[in-house]
Amino acid sequence: MINRKTIKITDTQNYSSHKDSNETIVNATIGIRNGTTYIKYTECEDGLHTNTLIKIKNGMVMVKREGAVNIQYEFQNGKSYSMMYPTPYGEMLMKMVTYGLSFDEIPLKLHIEYEIFINDLKSSENTFTIEQI
């Protein structure tokens, strides 16, 4: 079953010196197939579009972003995920450690809490939430 829904995306980064928070409302395509929930949406920032596909199954969340940013990463409670993160100045080793993850299908709500380490130094504590509105 595939549905079009409006979702609110909230992400927060807590650094040692300050806090950043963003909230975006977009239309999303949401579907369930073979026990996997799919959330697909497009964000536009500064005229640049990024397509995001999120797959949720068995307590694991995979995020794939293409467009202004091309990256793929995973969240699983108590696990870490490392990757090379592209920046305008070159790639950096980034590790994300998930310490909180919850998902409800009805009404749709995904909430992830995680830390980011850049070159093995803690950069920030983060939250990422998607809610159907």
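## Salt bridges, strand pairing and core of the predicted model

The count of salt bridges comes to 5. The structure is a predicted model, and the values below are computed from it. One of the salt bridges is formed by the side chains of Arg65 and Glu43, with an N to O distance of 3.0 Å. This pair links distant parts of the chain, since Arg65 belongs to strand β5 (residues 60-67) and Glu43 to strand β3 (residues 36-45), 22 residues apart. Arg65 has a relative accessibility of 21% and counts as partly exposed. Glu43, at 17% relative accessibility, counts as buried. The two residues fall in separate classes because the limit for a buried residue is set at under 20% relative accessible area.

Lys122 takes part in two further salt bridges. With Glu115, the closest N and O atoms are 3.0 Å apart; with Glu125, the corresponding distance is 2.7 Å. Through shared partners, Glu115, Lys122 and Glu125 are joined into one network. Glu115 is buried, with a relative accessible area of 18%. Lys122 is partly exposed at 44%, and Glu125 is likewise partly exposed at 31%. In general, side chains of opposite charge can pair when their charged atoms come close.

The strands form an open sheet of 10, in the order β6-β5-β4-β3-β2-β1-β10-β9-β8-β7, with antiparallel pairing. Its edges are β6 (71-76) and β7 (80-87), each of which pairs on one side only. Neighbouring strands are turned against each other by 25° on average, with direction ignored. As a general matter, strands of a sheet pair through backbone hydrogen bonds, either parallel or antiparallel.

Within this sheet, β1 (residues 2-14) and β2 (residues 19-33) pair in the antiparallel sense over 13 bridges. The two strands form a hairpin, with 4 residues between them. Asn3 has Ile30 in β2 as its bridge partner. Strand β1 is also joined to β10 (residues 121-132), by 8 bridges, and these two strands run antiparallel. Here Asn14 stands opposite Glu125 in β10. Glu125 is thus both a bridge partner in the sheet and a salt-bridge partner of Lys122.

Strands β8 (residues 90-104) and β9 (residues 109-118) are paired in the antiparallel sense over 10 bridges. Lys95 stands opposite Phe117 in β9. Glu91 also lies in strand β8. With a relative accessible area of 57%, Glu91 is exposed, because a residue over 50% is placed in that class. When residues up to four places away in sequence are not counted, Glu91 touches Met84, Tyr85 and Pro86.

The largest nonpolar core has 25 residues. Those with the most contacts inside this core are Ile7, Ile39, Tyr41, Ile54, Phe128 and Ile130. Strand β9 gives the most to the core, with 5 residues. Ile39 is in contact with Ile7, Ala28, Thr29, Ile30, Thr52, Leu53, Ile54, Ile56 and Leu108, leaving aside neighbours within four places in sequence. Among these contacts, Ile30 is the residue that bridges to Asn3 in the pairing of β1 with β2. In soluble globular proteins, nonpolar side chains tend to be buried together.

The structure holds 2 aromatic pairs. In the pair of Tyr73 and Phe75, the ring centres are 5.5 Å apart and the planes stand at 90°, so the arrangement is edge-to-face. Both Tyr73 and Phe75 are buried. In the pair of Phe75 and Tyr114, the centres are 4.9 Å apart and the planes are at 55°, so this pair is tilted. Because Phe75 lies in strand β6 and Tyr114 in strand β9, the tilted pair ties together parts that are 39 residues apart in sequence. Tyr114 is buried, as is Phe75. Tyr73, Phe75 and Tyr114 form one aromatic cluster.

Terms used. Residues numbered from 1 in each chain as written. Predicted model: local features only at pLDDT ≥ 70, side-chain atom pairs only at ≥ 80, totals over all residues. Heavy atoms only, no water. Pairing = 2+ DSSP bridges. Axes fitted to C-alpha atoms, helices over the stretch in contact; angles between N-to-C directions. Buried < 20%, exposed > 50% of the residue type's maximum accessible area, 1.4 Å probe, protein only. Contact = heavy atoms within 4.5 Å. Core = buried A, V, L, I, M, F, W, Y, C linked by side-chain atoms within 4.5 Å. Salt bridge = Lys/Arg side-chain N within 4 Å of Asp/Glu carboxyl O. Phe/Tyr/Trp six-rings, centres within 6.5 Å; stacked < 30°, edge-to-face > 60°.
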